[in-house]
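Got the viewer open? Here is a short tour, one selection at a time.

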Amino acid sequence: MTTSPEDVPGTDQASAHEQLTDKLGIEITRWDVDRLVGTMPVKGNRQPYGLLHGGASAALAETLGSVAAAMHAAPERIAVGLELSCTHHRGVTEGLVTGVCTPVHRGRSTATYEIVITDEQDRRVCTARLTCFLKDAPKR
């Protein structure tokens, strides 16, 4: 089982210092192939009206779904995003949001995940669905 970001198959450790997850403050708090959980602060990720930016929610969702797909695909394959859809249900102005990623379909060539993002009062902020294409890992 993968336990840390450095263990995600196929990642480029040379560019680890320039990852979007660091810029957005995303932290994965539960590493489980059936339920991946991560958090992100609202502070620093707001749009001009003071609300959590929808793109930040999308980035959290894609991060969790892509990591889950990579864990499923390893070690023979790597996961690349194919389609992401997000429905934003309510605005958030402060605190942390939490994303919970669960599998919808895990196949040989594609994997689809639902990611539910909630606020600190456990209210649904965003529902996302990510499908990843699983391709052969490059030869090293």
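Before the first stop, a bit of vocabulary: two strands count as paired if DSSP finds at least two bridges between them. Keep in mind, too, that you are looking at a predicted model.

Start by selecting residues 110-118, which make up strand β5, and add β6 to the selection: the two pair in the antiparallel sense over nine bridges. For a landmark along this pairing, pick V116 and look across to T127, its bridge partner in β6.

Now go to the turn between them. The hairpin of β5 and β6 has five residues between the strands, and D122 lies in that loop. Click on D122 and check its backbone: phi is positive, about 65 degrees, although D122 is not a glycine. Is D122 buried or exposed? D122 counts as exposed, because its relative accessibility is 61% and the cut-off for exposed is over 50%.

Next, keep β6 (residues 124-136) and bring in strand β3, residues 77-88; these two run antiparallel and are joined by eleven bridges. Here a good pair to highlight is V80 and its β6 bridge partner, F133.

Just ahead of β3, stop at P75, in the loop between α2 (54-73) and β3. Select A74 along with P75 and you will find a cis peptide bond joining them, with omega about 0 degrees.

Move back to β5 and look to β4. These strands pair in the antiparallel sense over eight bridges, and they form a hairpin with three residues between them. Select G99 to see one of the contacts: the bridge partner of G99 in β5 is I117.

Then add strand β2 (residues 36-41), which pairs with strand β4 (residues 96-106), again antiparallel, over six bridges. V37 is the residue to click, with V100 as its bridge partner in β4.

Last stop: the cysteines. How many disulfides does the count come to? Zero. Show C126 and C86 to see why: the sulfur of C126 is 4.5 Å from the one in C86, its closest cysteine sulfur, and that is too far for a bond, since a disulfide needs sulfur atoms within 2.5 Å. C126 itself counts as buried, at 0% relative accessibility.

Do the same with C132. The closest cysteine sulfur is in C101, 8.9 Å from the sulfur of C132, so this pair is too far for a bond. C132 also counts as buried, at 0% relative accessibility.

Note on methods. Residues are numbered from 1 along each chain as its sequence is written. This is a predicted model: local features need pLDDT of at least 70, side-chain atom pairs count only at pLDDT 80 or more; totals for chains, interfaces and linings use all residues. Side-chain values use heavy atoms; hydrogens and water are left out. Buried means under 20% relative accessible area, exposed over 50%, partly exposed in between (1.4 Å probe, protein chains only). Helices (H or I, at least four residues) and strands (E, at least two) are DSSP runs, numbered from the N terminus.
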